[in-house]
Amino acid sequence: MLGSDPAKVAMAVAWGDAWTNMIQPFWALPALAIAGLKAKDIMGFCVIVLVVSGVVIGLGLLFL
């Protein structure tokens, strides 16, 4: 009803879901345990990657 392409909408939702997974470093917990670090030790890096990749993903989806 909105006139949007369902494939583009599905990909935007998938990218958005993957992007928000960078907010919390659950993907890095095994490596952190091996290195003896805590999640708070890498949160600054996660935020930087989140913002930079958000700009890239946003621009990519805008011009898709």
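**Notebook: Phe63 and Ser53**

I began at Phe63, which I found in the segment after α3. The model I am reading is a predicted one, and I keep that in mind for each entry below.

I next looked up how far Phe63 is open to the surroundings, and its relative accessible area came out at 68%, so Phe63 counts as exposed, the cut-off being over 50%. I then turned to Leu62, which has its place in helix α3, and noted that Leu62 is likewise exposed, at 63% relative accessibility.

Which residues make the nonpolar surface patch? I listed Val47, Val51, Val55, Leu59, Leu62 and Phe63, and I wrote down about 630 Å² for the area of this patch.

From there I went back along the chain to Ser53, 10 residues from Phe63, and found that the C-alpha atoms of Phe63 and Ser53 are separated by 15 Å. Ser53 lies in helix α3, which I have as residues 43-62.

Is Ser53 buried or exposed? I recorded a relative accessible area of 16% for Ser53, which is under the 20% cut-off, and therefore I entered Ser53 as buried.

Lastly I looked up what surrounds Ser53. The side chain of Ser53 reaches the backbone oxygen of Val49 at 2.7 Å, and a polar contact of 3.5 Å joins the side chain of Ser53 to that of Trp19. When I left aside the neighbours within four places in sequence, I found Ser53 in contact with Trp19 and Met22.

Methods. Residues numbered from 1 in each chain as written. Predicted model: local features only at pLDDT ≥ 70, side-chain atom pairs only at ≥ 80, totals over all residues. Heavy atoms only, no water. Helix = DSSP H or I, 4+ residues; strand = E, 2+ residues; numbered from the N terminus. Buried < 20%, exposed > 50% of the residue type's maximum accessible area, 1.4 Å probe, protein only. Polar contact = N/O pair within 3.5 Å; in protein donor to acceptor, adjacent residues only side chain to side chain. Contact = heavy atoms within 4.5 Å. Patch = residues over 30% accessible without salt bridge, like charges linked within 9 Å, V, L, I, M, F, W, Y side chains within 5 Å. Areas by Shrake-Rupley, 256 points an atom, 1.4 Å probe, with all protein chains shown as cover. Salt bridge = Lys/Arg side-chain N within 4 Å of Asp/Glu carboxyl O.
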